[in-house]
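Student: I should like a close look at a single part of this model, namely the sheet and the helices that pack on it. Please give one connected account.

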Amino acid sequence: MSVVLARIDQRLIHGIVVTQWAGFTKAKRLMVVDDHVSRDDTQKSVMKMSKPAGTNMSIIDTDTAITNFNAGKYDDHSVFLIVSEPETLLKLVEGGVKIPKVNVGIIFDGEGKTTLKKMVSVNKKESDDLKHLAEKGIPVTFHFVPGDAEEPLGTYIK
């Protein structure tokens, strides 16, 4: 089964992900792929405390994720993949990880960024990475919570 949905959310594991998205995706494994957080034991411990009952959680770096997916480690899992930036998903896809759909949830505002909608601001690289994912045939949608209407990438990025 493997990845059921990939979400870009710079808060990674938080209330909306745990209480709404985890149930919506019916995933049995929440997987954070982040090269910085995977090396921070304190952040990992805090995130793992919020894990919903009946699910597993992995917090790993990009290279480990690629290796594990390609080795079939998660073939029998339904994985909800959470990353903080589009670049990580692009690296995973280019490394052979199959991602059926990308949900853009939260990308914080900052210097050099353009606000696309509430809770989503991107710089040129993030915009280009989202377009590259779409060019690879992966649907990219904006969808803050499961009850909201999905908006396709083309609504905000041409």
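Tutor: In this predicted model, strand E2, residues 29–33, is joined to E3 by five bridges, and the two strands run parallel. Within that pairing, Leu30 stands opposite Met57 of E3. Helix H2, residues 41–49, lies across E2 and E3, and its direction is at about 160° to that of E3.

These two strands belong to an open sheet of seven strands with mixed pairing, in the order E3-E2-E4-E1-E5-E8-E9. Its edges are strand E3 (56–60) and strand E9 (151–152), each of which pairs on one side only. Helix H1, residues 15–25, also packs on the sheet, where it touches strand E1 (2–9), E2, strand E4 (78–83) and strand E5 (102–106). The direction of H1 makes about 150° with that of E1.

The helix H1 merits closer attention. Its residues Ile16, Val17, Val18, Trp21, Ala22 and Thr25 are buried. Viewed down the axis of H1, the buried residues fall within an arc of 165°, so they line one face of the helix. A general point about helical geometry is useful here: an α-helix has 3.6 residues a turn, so residues three or four places apart point the same way. The buried residues of H1 pack against E1, E2, E4 and E5. After H1 comes Lys26, which has a positive phi, near 60°.

Among the strands that H1 touches is E5, and E5 is mostly covered, with five of its five residues buried. On one pairing, E5 is joined to E1 by four bridges, and these strands run parallel; here Val104 of E5 is the bridge partner of Ile8. On another pairing, three bridges join E5 to strand E8, residues 140–142, again in parallel. Val104 takes part in this pairing as well, with Phe142 in E8 as its bridge partner. Val104 thus has Ile8 as one bridge partner and Phe142 as another.

The strand E1 also contains Ser2. Ser2 counts as buried because its relative accessible area is 15%, and the cut-off for that class is under 20%. Apart from neighbours within four places in sequence, Ser2 is in contact with Phe69, Tyr74, Asp75, His77, Ser78 and Val79.

Definitions and conventions:
Residues numbered from 1 in each chain as written. Predicted model: local features only at pLDDT ≥ 70, side-chain atom pairs only at ≥ 80, totals over all residues. Heavy atoms only, no water. Pairing = 2+ DSSP bridges. Contact = heavy atoms within 4.5 Å. Axes fitted to C-alpha atoms, helices over the stretch in contact; angles between N-to-C directions. Buried < 20%, exposed > 50% of the residue type's maximum accessible area, 1.4 Å probe, protein only. Arc of directions from axis to C-beta.
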